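Student: Got a minute to go through this one with me? I'd like to talk about the cavities, the sheet and the charges.

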Amino acid sequence: MQTPNFSIEFYPPKTVDGAEKLRVVRHKLSELHPKYFSVTFGAGGSTQGGTLSTVLEILAAGEDAAPHLSCVGGSRESIRAILAEFKSHGIKRLVALRGDLPSGYGASGEFRYASELVEFIRAETGDTFHIEVAAYPEVHPQARSPQDDLQNFARKVRAGANSAITQYFYNADAYFQFLDETRKIGLDVPVIPGIMPITNCTQLMRFSDMCGAEIPRWVRLKLASYGDDTASIKAFGLDVVTQLCQRLLAGGAPGLHFYSMNQAQATTALWQRLV
């Protein structure tokens, strides 16, 4: 069995204090030797500078890093300039997404879908970049149907994506069903499960409601029963997510991508149970 690849996601800090805290977190997580770190990209490109500076700092420390690149609100010229800058810094991997517009903005830009961005990247840069795209085992919240969502994913792969990272989920069956469906239509790129540690009940519920990630009823009820008992929430969450990861890896998942939320403890605790 091939050794699974683990990777870790950060978001770019917005303050000097946040940047310093992230350095401490990154140093701790680097000890786990992930395959790479990814760094998110804000709505409408709002954190573009922070994304790149964070990626460059990671690269300078001898780690591999992948900036997120969103296309909504962008032009071909602006994306071309970003790709040229990535290339000039020796960046070899990126995460290509449609992205979200800042609140209050309507649709704009020359790209409508992530598949168009992937196609453009390939046309402009050939095989320079390893391109990751997003996958949604529980269906994208804006998709018209599961079938449409699957075809959207297929378009990204056929446009040139090398692999995919999923939205986080807590139902392993959804992941394996998604894989079965992709194989039936001839797709064979690696699909890496995105893993969200459970450390804060309120935050998790809010994120999940926004992105369409389902929290199983029994997990919701159990979390709610702990009230403000943070230690019990974290201990229960660690058990739930560890079991999810173990089942995914045992079922053949090629790796795991941890949404760290710029914290080290939860990801480290999970990692130590899995390796």
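**Cavity, sheet, charges, pocket**

Tutor: Start inside. This is a predicted model. The lining of its largest cavity divides into eight nonpolar residues, two polar and one charged.

Student: Which residues line the largest cavity?

Tutor: Tyr-136, Pro-137, Glu-138, Val-139 and Pro-141 come from one part of the sequence. Gln-167, Tyr-168 and Phe-169 join them, as do Cys-211, Gly-212 and Ala-213. Glu-138 is the charged one, since Glu is counted in that class.

Student: How much space lies in the largest cavity?

Tutor: About 60 Å³. The count of cavities of 30 Å³ or more comes to two.

Student: Switching to the sheet. What is the strand order, and is it open or closed?

Tutor: Open, with nine strands and parallel pairing. The order reads S7-S6-S5-S4-S3-S2-S1-S9-S8.

Student: Which strands sit at the edges?

Tutor: S7 (191-192) and S8 (194-195). Each of these pairs on one side only.

Student: And S4 with S5, how many bridges join them?

Tutor: Three. S4 covers residues 93-97, S5 covers 130-135, and the two run parallel. Arg-93 has His-130 in S5 as its bridge partner.

Student: Which helix packs on S3 and S4?

Tutor: Helix H3, residues 76-88. H3 touches S3 (65-70) and S4, and its direction makes about 175° with that of S3.

Student: What does H5 lie across?

Tutor: S5, S6 (163-166) and S7. Helix H5 spans residues 146-159 and runs at about 180° to S5.

Student: Now charges. How many salt bridges does a search of the whole structure find?

Tutor: 14. One of them joins the side chains of Glu-20 and Arg-23, at 3.0 Å from N to O.

Student: Where are Glu-20 and Arg-23 in helix H1?

Tutor: H1 runs over residues 16-30. Glu-20 and Arg-23 are three residues apart there, so about one helical turn separates them.

Student: Last topic, pockets. What volume does the second largest pocket have?

Tutor: About 450 Å³. It is lined by 23 residues. Closest to its centre are Pro-197, Thr-199, Lys-234, Gln-265 and Ala-266.

Student: Which helices supply at least two residues of that lining?

Tutor: H7 (201-211), H9 (230-250) and H10 (265-274). H10 gives the largest share, five residues.

Student: What is that lining like by class?

Tutor: It has 14 nonpolar residues, eight polar and one charged. Lys-234 is the charged one, because Lys falls in that class.

Notes: Residues numbered from 1 in each chain as written. Predicted model: local features only at pLDDT ≥ 70, side-chain atom pairs only at ≥ 80, totals over all residues. Heavy atoms only, no water. Pairing = 2+ DSSP bridges. Helix = DSSP H or I, 4+ residues; strand = E, 2+ residues; numbered from the N terminus. Contact = heavy atoms within 4.5 Å. Axes fitted to C-alpha atoms, helices over the stretch in contact; angles between N-to-C directions. 1 Å grid on protein atoms, 1.4 Å probe; cavity = no way out; pocket = protein on both sides within 12 Å on 5 of 7 lines; lining within 4 Å. Points joined across faces, edges and corners; volume = space filled by probe spheres on them. Salt bridge = Lys/Arg side-chain N within 4 Å of Asp/Glu carboxyl O.
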